[in-house]
Every structure is written in C-alpha cells, then in structure tokens.
Amino acid sequence: MYVRELDVRDFRSWPSLSIGLEPGVTLFVGRNGFGKTNIVEAIGYTAHLASHRVSQDAPLVRQGAESARVSVTAVNDGRELTAHLLIKAKGANQGQINRTRLKTPRELLGVVKTVLFSPEDLALVRGEPAERRKYLDDIIASRTPRLAGVKADYDKVLRQRNALLKSANQSLRRGYGDEDGASALATLDVWDNQLAHFGAQVMKARLNLLDELSTLIPAAYEGLAPESRPAHIEYSSSIDFSDRSLLETMLLTELAAKRQREIERGMTLVGPHRDDLLLNLGTQPAKGFASHGETWSYAISLRLAEFNLLASDGTDPVLILDDVFAELDAQRREKLVALAAQAEQVLITAAVDEDLPGNLVPVTRFNVTVRDVEGGRISEIARLDGDGSHGGDSDE
C-alpha cells in the first residue's frame, strides 16, 4: 500500500496543503514547530481515527477554523480509494470514501493502513496501561474494522454504567428493599449484561492478537538488542481468561462479586478497560527496570511486530518514522533503515539532515518552512527532486 495524494485544509498549522506522493522513501525536513509532523499526523489519523500526539480532536483544527478536512488517496494492489474526513473541533466527525458518505467514520478503517514510530512510543513501555491497551486495540481495528465498533459499544456501555453508579449511588446503596433502589439495581443488571457481552469480545480479540505477537515481539527485540535479557509479553486481567469460551460468564461472575465495592466507589472495577499488556525483560517488568536503550528497543520492537503482522495479512502498511532517528544510536538506526527497505512506502520526518542515517536514500524530499502572517504563522512546503533541485512548490 502507498499514499498517492494528501490534501488537507485547516489542519493544525496548514491552511491548505496538497501534495503527491509515491512509493519508496519520502523525507519531510524542517525545524521543530514548522509543521512536518502535522503532515504525517494527518495520514496516521485517517488510518486510526486518532492522533499519536493528542487524545482530543480540537487541537487538530487550525486556530480560528471550525473544522479540518483531510483527504488521503491510497493505492492497494492497484485499487485506489480516497478517504475523506471532516474533523470538527466540537461535535461528531464525518467520513466519506470516494463520493460515498458514511454513517460513521469508523467505516474508513482499513482504507489506509499505517505503522507509525515516534518519540511518544516510549509511553508504550514507561506509560500507563491505557497506552498498551490502545496499542492492541489499534492493531485489532486495522485488521478487523468491525471490532472497532464492538470496542466503541463497550466504551459507551462503560460510560453509561459509570454514570449510573455515580448518579444513583444512594439508591443503589439502599438495595432491593427500596423502590428507587430496586429500579436502579435492575438497570445495573442490564448494563452488566451488555458490558460482559461486549467486553468478552474485546478481550477475546486481544488474547487472539497476543497469540501472534507473543513470538513476533521477542524476535524483534532480540534482533535489536541481542545482548539484552529476553523479552516476553503476557496479558493481565481482573478475571480468569484460561477458557476463552467462558469470558462473558467470567465477566458476569466477577461483576457480581465486585458489585458492592463498585457501588461504594461509584465506578466499574471489572472489564477489559482495567486490563494490561505486561512487557517483561527476563524476570522483571520492563517498566521501571529497563535502561533507556532497552526501553527504546522494546518500543521499536512493538512497532516492528505490528508492521510484520499487518504485512503478513497481505498488505504492507505505510511506514511512518516521525522524528525518531535523532533519538536512536547507530545500531538502531540501521535496523530501522533495514525495515524501511522492506516497506512499499516510507514517510520520514527529521529536523535536520544530521539526524538521518547516511545510508538512507530518499526518492522524494520536501522542505517544510513557515511564513509569518497576521495573527500567527502558517506552514509552507517545497519539493526537491532526487538531485536536490527544487521541483514544483505545493500549496501552502
């Protein structure tokens, strides 16, 4: 797969941008804050319906605008599709494929597939469990878009169940002997059944994914850091998941066991939103015990495994390397360049040429700069041909 064209309007620092891309390695070079990462962020957002930098959509919309527009044309085995996204600072986003309006932007998942390396990936190892859950759920959504809808349904039920635990807390405490308490508990039973129904599907998808990652991640880590302790991963949950056919039953059982505690605390204590992907080195967890180099190797290994898994499904995802070479030593740079040689398309951002490996040969290079205008700065871009000469300038 490769991205043939990117068009954005009012996305981050770009009032408008229209560039053509091609297979091979493309560089975006510009100082920090000039807008180069915004370009690959727009492509990554189209693939995952989420930014790798922020959790909300409002920062993606250029200051003073009500919405941002992103259109990405991707070519996959000769078939060309264009994904259109209207990203709103407030309100629901809208999606479209070619000229077909979609009921939900989730229907865009799978049109563009990307694997993105960035400095933020250190949070996969050092950060909270939510970072690692998102890593798993993003891969699942890329491979099986239907399950993204299941996860969205689970999140919706979870929010409504938590709202009930808080808003009807006093009634729930009074129990079945009180009319309001009996009504609240009956509603809680309904949410329990739905939470277990959707939660079991989320957990089963994650566990099935771990079956595949359990060999890919250690192999990738060993290739990056052969002198280090062996890596291995495991899934941590609040329920017994040894029999995957009983996940829904186990969730319901644990919800019943924890009900009184949940009423007292006003929050849901059972479900896949409490689970974690444990990353281990030898007999110790990587978080808190890995060196800086080992942490980087582990984070890269997670992305390498993701890339290899998606590629094994028959489609090479677009590989995005966002300002990572400056953070890596020579050995890890070489490993990433070797990976880049396997991908159909690689998009790389860098602040300066000195951050790039010497053996990296780009097909296309864009220089990103900024121009001062009334009320702030806007980004501009210029394409350079392979020999370093200027090609045609793109829209700013």
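Q: How many bridges join E1 to E4, and which way do the two strands run?
A: Seven bridges join strand E1 (residues 2-11) to strand E4 (residues 67-76), and the two run antiparallel. Strands here are DSSP runs of E with at least two residues, helices are runs of H or I with at least four, and both are numbered from the N terminus. Two strands pair if DSSP finds at least two bridges between them.

Q: Before I go on, what sort of model is this?
A: It is a predicted model, where local features need pLDDT of at least 70 and side-chain atom pairs count only at pLDDT 80 or more, while totals for chains, interfaces and linings use all residues. Residues are numbered from 1 along each chain as its sequence is written, and side-chain values use heavy atoms, with hydrogens and water left out.

Q: Thanks! Back to E1: which residue of E4 is the bridge partner of Val3?
A: Val3 has Ala74 of E4 as its bridge partner.

Q: And what is the strand order in that sheet?
A: The sheet is open, with six strands in the order E2-E1-E4-E5-E6-E7, and the pairing is antiparallel. At its edges are strand E2 (14-20) and strand E7 (100-101), each pairing on one side only.

Q: How many bridges do E4 and E5 share?
A: E4 and E5 pair over 10 bridges, again in the antiparallel sense. One spot to click on is Ser67, which stands opposite Lys88 in E5.

Q: What does the turn between E4 and E5 look like?
A: The two strands form a hairpin with two residues between them, and Asp77 in the turn has a positive phi of about 55°.

Q: Which residue takes a positive phi in the hairpin of E5 and E6?
A: There it is Gly91, with a phi near 100°, and that hairpin has five residues between the strands. Four antiparallel bridges join E5 to strand E6 (residues 94-97), and Leu86 has Gln94 of E6 as its partner.

Q: Which strands does helix H1 lie across?
A: Helix H1 (residues 36-48) lies across E1, E2, E4 and strand E5 (79-88), running at about 105° to E1. Angles run from 0 to 180 degrees between N-to-C directions, using lines fitted to C-alpha atoms, for helices over the stretch in contact.

Q: Changing topic: what is the order of the three-strand sheet?
A: That open sheet goes E9-E10-E11, with antiparallel pairing. Strand E9 (231-236) and strand E11 (284-285) are the edges, each pairing on one side only. E9 and strand E10 (residues 276-281) share six bridges, and Glu234 has Leu278 in E10 as its partner.

Q: Which strands does H6 touch there?
A: H6 packs on the sheet and touches E9 and E10, with its direction at about 165° to that of E9. Helix H9 (residues 292-312) also packs on the sheet, touching E9 and E10, at about 130° to the direction of E10. A contact means heavy atoms within 4.5 Å.

Q: What about cavities, how many are there of 30 Å³ or more?
A: The count is one, with a volume of about 80 Å³. A cavity is a set of points on a 1 Å grid over the protein atoms alone where a 1.4 Å probe fits but cannot get out, and lining residues have an atom within 4 Å of a point. Points are joined across faces, edges and corners, and the volume is the space filled by probe spheres set on them.

Q: Which elements give two or more residues to the lining?
A: They are helix H3 (129-143), helix H4 (145-167) and helix H6 (179-224). H4 gives the largest share, four residues. Among the lining residues are Asp137, Leu147, Lys151 and Gln201.

Q: Last one: how many helices and strands are in the chain?
A: The protein chain has 10 helices and 16 strands. Its C-alpha atoms fill a box of roughly 80 × 50 × 40 Å along the principal axes.

Methods:
On a 1 Å grid over the protein atoms alone, a cavity is a set of points where a 1.4 Å probe fits but cannot get out, and a pocket is an open set with protein on both sides within 12 Å along at least five of seven lines; lining residues have an atom within 4 Å of a point.
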